[in-house]
Amino acid sequence: MSGNSKWERRDVDTTLLYGIMALFIICGVLAFMACKGTMVILNKHSGPLATAPTQSAFPEPALQVAPGLALEALRKSEAIELNSAAWIDRERGVVRIPIDRAIELLSKRGLPETTERLTPLQLQQQRPEERKGMP
């Protein structure tokens, strides 16, 4: 081989690499000692830890003893509400009608055309002349 080689003859400066590594280790140890010292000082100056109250501030969960019966009662109350008429707001003339009757009325009359974003209840409340003839 000739004196003209294709690699670099000088290697990495290992002394500098070991110095940087030692510097990182020293900084890590100093940071650990600073945190440890801070915790010791804070623990000395703080009072005793506050203890939790013996009685719970929150009520215990209400467990259902018979979930099947509770569901049956819920379904029964929903069926009564869906299939009976009652006043919602007597002063404003708002009533609740059976769902079958409501479907029948909506299929006959339909909802009024509007560009506003209103719920069906709000649309029905805008028809005061039609409310007078309701049961």
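A salt bridge is a side-chain nitrogen of Lys or Arg within 4 Å of a carboxyl oxygen of Asp or Glu. The exercises below apply this criterion and others to a predicted model.

**Exercise 1. Confidence and overall composition**

Determine how confidence is distributed along the protein chain, and which elements the chain contains.

Solution. Begin with the average: the protein chain has a mean pLDDT of 81, and 75% of its residues score at least 70. Next, locate the extremes. Confidence is highest in helix α1, at 93, and lowest in helix α5 (residues 128–131), where the mean is 54. Then list the elements: the protein chain holds 5 helices and 2 strands, and their order from the N terminus is α-α-β-β-α-α-α.

**Exercise 2. The strand pair and its turn**

Identify the sense in which strands β1 and β2 pair, and describe the turn of the hairpin.

Solution. First, take the limits of the strands: β1 covers residues 86–89 and β2 covers residues 94–96. The two pair in the antiparallel sense, over 3 bridges. Second, fix the register: A86 is opposite R96 in β2. Third, examine the connection. The strands form a hairpin with 4 residues between them, and G93, in the turn, has a positive phi of about 80°.

**Exercise 3. Testing R92 and D89 against the cut-off**

Establish whether the side chains of R92 and D89 are joined or apart under the salt-bridge criterion, and classify the exposure of D89.

Solution. The N to O distance between the side chains of R92 and D89 is 3.9 Å. The criterion asks for a separation within 4 Å, and the two side chains do meet in a salt bridge. For the exposure of D89, the relevant class lies between the limits of 20% and 50% relative accessible area. D89 is partly exposed because its relative accessibility is 24%. A search of the whole structure finds 3 salt bridges; the pair R92 and D89 is one of them.

**Exercise 4. A network in helix α3**

Which residues are linked with E104 in a network of salt bridges, and how are they spaced along helix α3?

Solution. Consider R101 to begin with. Its side chain meets that of E104 in a salt bridge of 3.2 Å, N to O. Both residues lie in helix α3 (residues 99–109), 3 residues apart, which is about one turn of the helix. Now consider K108. The side chains of K108 and E104 also form a salt bridge, at 3.3 Å, N to O. K108 and E104 are 4 residues apart in helix α3, so about one helical turn separates them. Combining the two steps, R101, E104 and K108 are linked in a network of salt bridges. Finally, assign exposure: E104 is partly exposed, at 35% relative accessibility, and R101 is likewise partly exposed, at 32%. K108, with a relative accessible area of 62%, is exposed.

**Exercise 5. The nonpolar surface**

Name the residues of the nonpolar surface patch and state how much accessible area they have together.

Solution. The patch consists of Y18, M21, I25, I26, V29, L30, F32 and M33, and together these residues have about 880 Å² of accessible area. As an example, take Y18, which lies in helix α1 (residues 14–45). Y18 is classed as exposed because its relative accessibility is 56%, and the class begins over 50%. For the chain as a whole, the accessible surface comes to about 12,900 Å², with 63% belonging to carbon and sulfur atoms. Of the 135 residues of the protein chain, 4% count as buried.

Technical notes:
Residues numbered from 1 in each chain as written. Heavy atoms only, no water. Patch = residues over 30% accessible without salt bridge, like charges linked within 9 Å, V, L, I, M, F, W, Y side chains within 5 Å. Areas by Shrake-Rupley, 256 points an atom, 1.4 Å probe, with all protein chains shown as cover. Buried < 20%, exposed > 50% of the residue type's maximum accessible area, 1.4 Å probe, protein only. pLDDT = per-residue confidence, 0-100. Pairing = 2+ DSSP bridges.
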